[in-house]
Amino acid sequence: MLLGVVVSQQMCAYTYSLTFGALLAVSIFAGLELWRSRRRDASLWLCYGPLLLQQLGMMLLMLQPMKNMVVTACRIAAEPEYDGYHLMPLVERALDLVFLPMFAERLLWDYTVLGIALIACSSTLQSKARECSAEDAC
C-alpha cells in the first residue's frame, strides 16, 4: 500500500523496469557524450577518467532498481496463475544472489551515495579537462 493506493505487483514490476531502463539509457547516452567530447591531447586520466567515473557511478546507481526488479520478477514467477514452477531453480538462484550481504539495504543506500559522488567527480573532471589547453601542464 502506497499513500492509501493499492499497488499491484505487476505495476511495481513495470515501475522497476522503467527506472532501470531509464538509468541504463542515461548511462549510455552520457557515456557516448563523454566519449565524443574527450580531449585527446590531455593526459590519460583527463581523457578517460570522466567516462570511467561516470560509468562506475551509474553502475552503482543501478544496483537498487536491479535488486527490486529481480525480487519482483521472482515473486511474480512464483504465483500460481503465471505457472512459473518450472523456473523455481532459476528463481532460487536469483534470490540467493540478490539477498547476499553485499546487497543489504543499508549498503545499497551507501552505493547510491557513492555513485552520485562519482558522477559529480566525473562532471568536475570533465569541466577541468575542457578548461585545460594543449600547452598547459594539465
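**Exercise 1. The buried face of α1**

Task: In this predicted model, determine which residues of α1 are buried and which elements the buried residues of α1 pack against.

Solution. Start with the burial of individual side chains and backbone positions along the helix: in α1, the buried residues are Ala 13, Ser 27, Gly 31 and Leu 34. An α-helix has 3.6 residues a turn, so residues three or four places apart point the same way. With that rule in hand, turn to the partners, and the buried residues of α1 are found to pack against α2, α3 and α5. As a last step, consider the geometry of the helix itself: α1 has 28 residues and spans 40 Å from its first C-alpha to its last, close to the 40 Å expected at 1.5 Å a residue.

**Exercise 2. The chain as a whole**

Task: Establish how many helices and strands the protein chain holds, and what share of its 138 residues is buried.

Solution. The secondary structure consists of 5 helices and 0 strands, and from the N terminus on the order of elements reads α-α-α-α-α. Taking burial next, with the cut-off set at under 20% relative accessible area, one finds that 34% of the 138 residues in the protein chain are buried. Finally, of the contacts between residues at least 6 apart in sequence, 76% join residues at least 24 apart.

**Exercise 3. The nonpolar cores**

Task: Identify the residues that make up the largest nonpolar core.

Solution. The largest nonpolar core has 11 residues in all, namely Ala 42, Leu 46, Leu 53, Leu 60, Leu 63, Phe 103, Leu 108, Tyr 111, Leu 118, Leu 125 and Ala 129. Assigning these to elements shows that α2 and α5 (105-131) each give two or more residues to this core, and that α5 gives the most, with 5 residues. Another core, of 5 residues, lies apart from it and includes Cys 74, Ala 77, Met 88 and Val 91. For one member of the largest core, the contacts can be followed individually: setting aside residues up to four places away in sequence, Tyr 111 touches Leu 60, Leu 63 and Met 102.

**Exercise 4. Lys 67 and Phe 103**

Task: Decide whether Lys 67 counts as buried or exposed, and find which residues Phe 103 touches beyond four places in sequence.

Solution. Lys 67 belongs to helix α3 (residues 63-77), and it counts as buried because its relative accessibility is 8%. Beyond its neighbours within four places in sequence, Lys 67 is in contact with Val 98, Phe 99, Phe 103, Glu 105 and Leu 108. Phe 103, in turn, sits in the loop between α4 (88-98) and α5, and with 14% relative accessibility Phe 103 is therefore also classed as buried. Not counting residues up to four places away in sequence, Phe 103 touches Leu 63, Lys 67, Leu 97, Val 98 and Leu 108. Although Phe 103 and Lys 67 are 36 residues apart in sequence, they are 8.0 Å apart in space, C-alpha to C-alpha.

**Exercise 5. The cavity**

Task: Work out which residues line the largest cavity and how they divide into nonpolar, polar and charged.

Solution. A search of the whole structure finds 1 cavity of 30 Å³ or more, and about 30 Å³ of space lies in the largest cavity. Its lining comprises Leu 34, Trp 35, Arg 38, Cys 47, Tyr 48, Pro 50, Leu 51 and Gln 126. The elements giving two or more residues to this lining are α1 (9-36) and α2 (44-61), with the largest share, 4 residues, coming from α2. By residue class, the lining divides into 6 nonpolar, 1 polar and 1 charged.

Note on methods
Residues numbered from 1 in each chain as written. Predicted model: local features only at pLDDT ≥ 70, side-chain atom pairs only at ≥ 80, totals over all residues. Heavy atoms only, no water. 1 Å grid on protein atoms, 1.4 Å probe; cavity = no way out; pocket = protein on both sides within 12 Å on 5 of 7 lines; lining within 4 Å. Points joined across faces, edges and corners; volume = space filled by probe spheres on them. Nonpolar A, V, L, I, M, F, W, Y, C, P; charged D, E, K, R; others polar. Core = buried A, V, L, I, M, F, W, Y, C linked by side-chain atoms within 4.5 Å. Buried < 20%, exposed > 50% of the residue type's maximum accessible area, 1.4 Å probe, protein only. Contact = heavy atoms within 4.5 Å. Expected span 1.5 Å × (residues − 1).
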